[in-house]
Amino acid sequence: MRELKKEESFFRMMQELPLFAGISRQTAEFAFHDESCHCSAFLAGEALPPGRRVGLVCAGEVRAFKRTAGGGEVLLNTFRQGGVFGLAGAFLMDSVPLSLLRAKRASVVLFLELPLLRRLFAADAQTAENYIAYLSGRVEFLTQRISVSSGGTAEQRLASWLLSQPDDNGSVCLPCSVANLSGLLGISRASLYRVLENLQQADIIAQHGRTVLLKNRGKLSDFAGHSDEI
């Protein structure tokens, strides 16, 4: 890890964070130039140090893992340029981090440390409201995930999960391999591959690697609500 000079392009990306929605440029500049806002570069495969902070990926790719009881690792999420991590855990009192972070390739990360977040919330109440709104959204998302993984057919679980993901122009980027996704959904790999194939044959989705195009959200929503198979 090595420290880098903050660039104007990093500031523009920071302004796009949920934390700064509707916030004045003056407040954003206050945060960006604070001593607790700093930029670091990481080599491919390098672990990011744990800490109570928010991280913005300005370049490269960072992955979050959870260590299993058997000593292995499960991929939880992937953060590419513009992606943010740490918002959900920055204020946790527990010293054990929620996940392990590692650079998939050479990456640049802008960190906003906890002392800065506290100063920011004190200076502008809207930033605190934005933070609470973000956490509320995460609670809703996780509630949906629990619902998806705890019941229903393989078809319902996949359809519900796809609809719960943030999409980019109708496309969902899988955060992990299809094999790992089957574990997240609590279904077998064979069942997941079968459902993906069936949904594509029905022209409801189209899959290209880890990108899934939602071609018909209406049919996918209907499909998520009942147990009939295609």
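This passage describes the salt bridges of a predicted model. Side chains of opposite charge can pair when their charged atoms come close. Nine salt bridges are present in the structure.

One of these pairings lies within a helix. R25 is joined to E29 by a salt bridge in which the closest N and O atoms are 2.9 Å apart. Both residues belong to helix 2 (residues 25-32), and because they are four residues apart there, about one helical turn separates them. R25 is partly exposed, with a relative accessibility of 44%, and E29 is likewise partly exposed, at 29% relative accessible area.

Other salt bridges connect distant parts of the chain. The side chains of R53 and E113 form such a contact, with an N to O distance of 2.9 Å. R53 is located in strand 3 (residues 53-67) and E113 in strand 6 (residues 100-113), and the two residues are 60 positions apart in the chain. Both R53 and E113 are buried.

Strand 3 also contributes E61, which forms a salt bridge with R80 of strand 4 (residues 73-80). Here the closest N and O atoms are 3.7 Å apart, and 19 residues separate the partners along the chain. The two partners fall into separate accessibility classes: R80 has a relative accessibility of 35% and is therefore partly exposed, whereas E61, at 5%, counts as buried. The pairing of E61 and R80 does not stand alone, as E61, R63, R80 and R105 are linked in a network of salt bridges.

How values were computed. Residues numbered from 1 in each chain as written. Predicted model: local features only at pLDDT ≥ 70, side-chain atom pairs only at ≥ 80, totals over all residues. Heavy atoms only, no water. Salt bridge = Lys/Arg side-chain N within 4 Å of Asp/Glu carboxyl O. Buried < 20%, exposed > 50% of the residue type's maximum accessible area, 1.4 Å probe, protein only.
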